[in-house]
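Biologist: Please take a close look at one part of this model, a single helix and the sheet it packs against. I would like one connected account rather than a list.

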Amino acid sequence: MSLIIPKSYKRKLLPETTEVAIKMIKDDFQQRLSSNLNLRRVTAPLFVLSGTGLNDDLNGVERPVSFEVKAVGGSRAEVVHSLAKWKRMKLGAYCIAPGFGLYTDMNAIRADEDLDNLHSLYVDQWDWEMTIHESDRNLSFLKSIVDKIYDSLKATEAKVYERFPHITPRLPENIEFIHAEDLKRIHPGMTSKQREDEAARRYGAIFLIGIGAPIDGGEPHDGRAPDYDDWTTPTGDGHNGLNGDIILWDSVLGRSIEISSMGIRVSGESLRRQLEMRGCTERASLPFHSALLSGELPYSIGGGIGQSRLCMFMLQKAHIGEVQASIWPQEQIDACHAAGIELL
């Protein structure tokens with residue numbers, strides 16, 4: 001995505017007031033998320049040792065920021081991409097019962113990111129994970145969790161409006177559930193991003209199901225690593241996948257914004273299947289994967305919710321740099337400044 005400069009953009013809050021609003025949104029939303037999903041806060045690592053299988057491989061091509069640790073014999077550590085697998089290990093370590101879980105503040109550095117309105121070198125999100133029963137590994141349960149997250153989003157948006165009445169709510173009453181396979185059949189000539197935009201524009205908020213699975217024998221809607229979300233389990237009517245993205249329509253930028261990537265996590269069976277499909281069966285011998293395949297880890301559901309993206313959407317900002325401090329190309333800084341978009 002190239003830089004978008006909205007026509008006649010007017011910021012709703014001054015930078016110093018924006019800072020106050022950011023804290024209010026983060027405090028309010030994480031409290032609601034914790035209450036609605038029965039989550040307790042835990043402390044998370046900024047980096048993990050390489051070779052453990054704990055780091056999230058995202059689409060499999062992103063390079064982690066890594067460094068040697070002198071105190072442990074020069075072993076390499078790498079900054080986390082997300083905590084998808086680490087959280088599941090913690091559920092087991094803390095013996096958290098089904099229906100309860102944990103959340104944490106995840107901070108990451110993605111050095112290969114293309115920088116624009118939505119993408120930054122710095123990633124901040126709420127990573128959460130909940131223990132579930134094996135019988136909960138179905139689409140109905142996934143949708144019920146999405147509805148609870150969406151209720152939290154709407155409640156926080158109402159809080160913003162209560163504090164700043166000139167920032168009027170934009171979220172629709174309900175979120176629409178759509179399968180990636182169906183969306184492609186409806187719009188066969190569009191790219192995956194164009195399909196997301198079209199659906200988000202129509203409904204205002206969607207949960208796109210089945211991210212990572214090949215569609216009709218072809219390419220997936222978008223990439224997903226093979227070892228955290230379950231994107232291959234059949235769910236009926238020719239559909240596959242127990243995961244998805246929460247995507248909102250942003251009227252400021254005139255495009256869709258992914259707020260959350262989440263899903264029911266792989267079972268031993270679906271992990272083996274997905275490793276084979278991606279041609280990386282050697283991962284099965286890594287500590288995390290071995291523990292999962294041997295039945296040592298609980299069934300779970302989890303995901304990440306972008307903190308800066310949420311603040312950007314709630315405050316109707318045009319650039320993620322208006323709600324977080326990061327590094328941007330000078331030409332991007334100049335273009336934003338000329339349009340009245342002040343980056344922190």
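Modeller: What follows starts with the helix, moves to the sheet, and ends with the core and one loop residue. The model is predicted.

The helix is H3, residues 139–163. At 1.5 Å a residue, its 25 residues should span 36 Å, and the end C-alpha atoms are 37 Å apart, which agrees. At the N-terminal end, Asn-138 acts as the cap, with a side-chain oxygen 3.1 Å from the backbone nitrogen of Ser-140. The buried residues of H3 include Leu-142, Ile-145, Val-146, Ile-149 and Leu-153, and also the polar Ser-152, Thr-156 and Glu-157. An α-helix has 3.6 residues a turn, so residues three or four places apart point the same way.

H3 lies across E6, E7, strand E8 (205–209), strand E11 (243–250), strand E12 (255–264) and E13, and runs at about 130 degrees to E12. These strands belong to an open sheet of eight, in the order E1-E5-E6-E13-E12-E11-E8-E7, with mixed pairing. Its edges are strand E1 (39–41) and strand E7 (176–179), each paired on one side only. On average, neighbouring strands of this sheet are turned by 30 degrees against each other, direction ignored. Another helix, H1 (residues 15–37), lies across E1, strand E5 (101–109), E6 and E13, at about 15 degrees to E6.

Within the sheet, E6 (residues 122–131) and E13 (residues 300–306) are antiparallel and pair over seven bridges. Trp-126 has Ile-305 of E13 as its bridge partner. Ile-305 is also the bridge partner of Ser-260. E12 and E13 pair in the antiparallel sense as well, over five bridges. E11 and E12 run antiparallel and are joined by eight bridges, among them the one that pairs Asp-250 with Arg-255 of E12. These two strands form a hairpin with four residues between them, and Gly-254 in the turn has a positive phi of about 70 degrees. Eight of the ten residues of E12 are buried, so this strand is largely enclosed by the rest of the structure.

The helix and the sheet meet in the largest nonpolar core, which has 56 residues. Trp-128, Ile-145, Ile-149, Ile-246, Met-262, Ile-301 and Leu-315 touch the most other members. H1, E6, H3, E8, E11, E12, E13 and helix H8 (307–314) each supply at least two residues of this core. H3 gives the most, with nine residues. Ile-246 touches Val-146, Ile-149 and Leu-153, and its other contacts beyond four places in sequence include Ile-206, Phe-207, Ile-257, Ile-259 and Met-262. Apart from this core lies another, of 20 residues, including Leu-102, Leu-271, Leu-275 and Cys-280.

Last comes a loop residue. Leu-121 is found in the loop between E5 and E6. Its relative accessibility is 23%, so Leu-121 counts as partly exposed. Leaving aside neighbours within four places in sequence, Leu-121 is in contact with Ala-108, Ile-109, Arg-110, Ala-111, Leu-115, Ser-326 and Ile-327. The C-alpha atoms of Leu-121 and Ile-264 are separated by 27 Å, and these residues are 143 apart along the chain.

How values were computed: Residues numbered from 1 in each chain as written. Predicted model: local features only at pLDDT ≥ 70, side-chain atom pairs only at ≥ 80, totals over all residues. Heavy atoms only, no water. Expected span 1.5 Å × (residues − 1). Buried < 20%, exposed > 50% of the residue type's maximum accessible area, 1.4 Å probe, protein only. Polar contact = N/O pair within 3.5 Å; in protein donor to acceptor, adjacent residues only side chain to side chain. Pairing = 2+ DSSP bridges. Axes fitted to C-alpha atoms, helices over the stretch in contact; angles between N-to-C directions. Contact = heavy atoms within 4.5 Å. Core = buried A, V, L, I, M, F, W, Y, C linked by side-chain atoms within 4.5 Å.
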